[in-house]
Amino acid sequence: GLLYDGHGAPLGTPKLAYWAYWQMTRQLEGCRWAEVERLATTVPETRAYRCPLEDGGAVVVAWWDTFRVAGWAEGTTTTITVPWAAATATMRAAVPSAASGAEVTDPPTAFATTTLAPSGGSVTLTLGADPVYVRAD
């Protein structure tokens, strides 16, 4: 479940999964699902999808299937480059940077955010254990 049932935290306390779902619904709101496209990646076990939005923008969702990478260790990252037409790019973590959902007191600021520098029609993303969302905002 998304909320604690009284074991591990008080009944009804949001888990990290609750906040990850909160982030996902905000980032993918307005996605034109029939037009989602998979983007080519050159790093094994990485995935990236471009989701066009109703407002004319797009969001890229990217992740690295670290559980499939032999010898992967916490903190290890990789980079991928994806096509990017906008002049700006902001990458947001899909999971809050907190030890538990109970520690999330200000959801909009609970997710690591990085400003990226698009160049030559692409942007480079650093991926670790958790997915990221990239938008032009």
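## Overall architecture

The chain reads α-β-β-β-β-β-β-β-β from start to end of the sequence. That pattern holds one helix and eight strands. The model is predicted.

The chain has 137 residues, for which a compact globule would have a radius of gyration near 14 Å; the value found here is 16 Å, which agrees. Along the principal axes, the C-alpha trace spans about 50 × 40 × 25 Å. Of the 137 residues, 37% count as buried. The exposed area of the chain is about 7700 Å², and carbon and sulfur atoms supply 54% of that area. Where contacts join residues at least 6 apart in sequence, 58% of them link residues at least 24 apart.

## Helix α1 and its aromatic residues

Four aromatic pairs are counted in the structure. One of them joins Tyr18 and Trp19, with ring centres 4.8 Å apart and planes at 85°, an edge-to-face arrangement. Trp19 also pairs with Trp22: the centres are 6.0 Å apart and the planes stand at 70°, so this pair is edge-to-face as well. Trp19 and Trp22 are three residues apart in helix α1, and therefore about one helical turn separates them.

Tyr18, Trp19, Trp22 and Phe111 make up one aromatic cluster. Its members include both buried and partly exposed residues: Trp19 is buried at 10% relative accessible area, while Tyr18 is partly exposed at 30%. Trp22 is buried, as is Trp19.

## A nonpolar surface patch

Leu2, Leu3, Tyr18, Tyr21 and Met24 form a nonpolar patch on the surface. Together these residues have about 430 Å² of accessible area. Tyr18 thus appears both in this patch and in the aromatic cluster.

Met24 is located in helix α1, which covers residues 16-27. The relative accessible area of Met24 is 31%, so Met24 counts as partly exposed.

## Buried positions in strands β5 and β8

Val132 belongs to strand β8, residues 132-135. With a relative accessibility of 7%, Val132 counts as buried. Apart from neighbours within four places in sequence, Val132 is in contact with Val60, Val61, Ala62, Met91, Arg92, Ala94 and Leu127. The C-alpha atoms of Val132 and Ala93 are 4.6 Å apart, although the two residues are 39 apart in sequence.

Thr90 is part of strand β5, residues 89-93. Thr90 is also buried, and its relative accessible area is 7%. Beyond four places in sequence, the contacts of Thr90 are with Thr113, Thr114, Tyr133, Val134, Arg135 and Asp137.

## Salt bridges

The whole structure contains five salt bridges. One of them joins the side chains of Glu35 and Arg32, at 2.8 Å from N to O. Both ends of this bridge are partly exposed: Glu35 has a relative accessible area of 42%, and Arg32 has a relative accessibility of 31%.

Glu45, Arg47, Asp65 and Arg68 are linked in a network of salt bridges. Within this network, Glu45 bridges to Arg47, with the closest N and O atoms 3.5 Å apart. Arg47 is buried at 18% relative accessible area, whereas Glu45 is partly exposed at 23%. Glu45 forms a further salt bridge with Arg68, where the closest N and O atoms are 3.6 Å apart. Arg68 sits in the loop between β3 (58-64) and β4 (78-83), and Glu45 in the loop between β1 (37-38) and β2 (46-52), so this pair ties together parts that are 23 residues apart in sequence.

Notes: Residues numbered from 1 in each chain as written. Predicted model: local features only at pLDDT ≥ 70, side-chain atom pairs only at ≥ 80, totals over all residues. Heavy atoms only, no water. Patch = residues over 30% accessible without salt bridge, like charges linked within 9 Å, V, L, I, M, F, W, Y side chains within 5 Å. Areas by Shrake-Rupley, 256 points an atom, 1.4 Å probe, with all protein chains shown as cover. Salt bridge = Lys/Arg side-chain N within 4 Å of Asp/Glu carboxyl O. Helix = DSSP H or I, 4+ residues; strand = E, 2+ residues; numbered from the N terminus. Buried < 20%, exposed > 50% of the residue type's maximum accessible area, 1.4 Å probe, protein only. Contact = heavy atoms within 4.5 Å. Rg over C-alpha atoms; globule rule 2.2 N^0.38 Å. Phe/Tyr/Trp six-rings, centres within 6.5 Å; stacked < 30°, edge-to-face > 60°.
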